[in-house]
Amino acid sequence: MHFYRVLTGMVLFLATGTWAFNKTASQEVRIYSGPDKILEDHSLYAPKARSQSHNEQNYLRPNALCVEAIVASNCCYYTIYDGYAKKNINYKGPKPVFGSEEAARNWAKQQIPRMVFLLPYDGAEVSLGQGWHYNNGGEHSGLDSWRDTVQLGKDVSFDVLAAAPGRVVTKLWDDWFGNTVIIEHTAHDGTKYRTIYMHLRDGFSHDVKSARAMVPPDKNANDNWAKYARYAKYTPLKLFWGQESDTIAVNVGDWVRMGQYIGKSGNTGAGGAGNGLNNDGTPFDKIRANNHLHFMLTVPSPQTPDEWVFIDAFGVYNQVSSGCYASTKEVEYPRFFVPWAFSGNRFGSIWGK
């Protein structure tokens, strides 16, 4: 059995020869350990869970080095418009695609990185708060990150960066995801990936107008939809929503470089701010207002065209509170994020097309 440290992301160095590189900036993931909590729940988009068989329950207890992985997440089932291909694309968790934990694990072990991915933010100021599973045990299939330290009255947003070179295929507003960007990446061997960036800002007026246009299923309820509608109506503060200049810097069809600025983190969409709101639409946390980046890494489904499956970019497939998301931990599945930014010449096939 192979176990993966942080250098798994460099596996193609071993496959294509010996490569020299310069360590220029730390990309070590910081794990948030403060008192605040990212309040998010995308389970609305998770198919109804089915009970596990006796054999599957037994399979969930392997002798993993750090923590047992739970790959077969139900979360989530999104249909998102691809503005470049001009059609709807489905994005799913492994459970509805593969059906069982064993099948999902066998598939996940084959997802060896074919190109370099860096953290989609500056790791010196931003920390990881939620992983493949929420810290409360709920299914997530993504990564939530936010600024490590904050001050009352100061903007808590941070720069969101392209995790790898690629083409922007989606830029849109969604009432749940808020402002969303999707980038497709192609390795030199043709392997494709997509990275998803949710809850971004796209200018104060645009975001408030888009949120106010949302019609909640029940405006009198106290669910995320109704609370977000109240937030847009009664709490349009630039400290929480951002400035007019906080716009997304890329468009559909654009080619982006690794580390290129995409936009600002935010709390747009009912799935961005909603869980962190009181019933009257005011934020629980008057400093952060749940401002964070929801990031997801996907690969093409082996079964269905125009369908992509979420994978854990850290190879942990568990909770951040497990402690296994630290780069020095050994895990059972491939890691995609590498620990350093690089300078110098292009390094063969790992950089992608």
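Me: Where does N291 sit in this predicted model?
Reply: The model is predicted. N291 belongs to no helix or strand here; its place is in a loop. That loop lies between α8 (270–273) and β12 (293–300).

Me: Is N291 buried or exposed, and what is its relative accessible area?
Reply: Buried means under 20% relative accessible area. N291 falls under that cut-off, so it counts as buried. Its relative accessible area is 2%.

Me: Which residues is N291 in contact with, leaving aside its neighbours within four places in sequence?
Reply: N291 is a buried loop residue. Neighbours within four places in sequence are set aside. The contacts are then W146, V156, S157, F158, R201, S265, G266 and N267.

Me: Why are the buried residues of α5 on the same side, and what arc do they cover?
Reply: In helix α5 (residues 204–213), the buried residues are F204, D207, V208, S210 and A211. They lie on the same side of α5 because of the arc they cover around the axis, only 165°.

Me: Which residues are exposed on the other side of α5?
Reply: One side of α5 carries F204, D207, V208, S210 and A211, which are buried. The other side has exposed residues. These are K209 and A213.

Me: What do the buried residues of α5 pack against?
Reply: Their partners include both strands and helices. The strands are β7 (166–174), β8 (178–186) and β9 (192–200). The helices are α6 (224–234) and α7 (238–241).

Me: Which residues does the disulfide join?
Reply: The structure holds 1 disulfide. Its S to S distance is 1.6 Å. Both of its cysteines are buried. They are C75 and C76.

Terms used. Residues numbered from 1 in each chain as written. Predicted model: local features only at pLDDT ≥ 70, side-chain atom pairs only at ≥ 80, totals over all residues. Heavy atoms only, no water. Buried < 20%, exposed > 50% of the residue type's maximum accessible area, 1.4 Å probe, protein only. Helix = DSSP H or I, 4+ residues; strand = E, 2+ residues; numbered from the N terminus. Arc of directions from axis to C-beta. Contact = heavy atoms within 4.5 Å. Disulfide = S-S within 2.5 Å.
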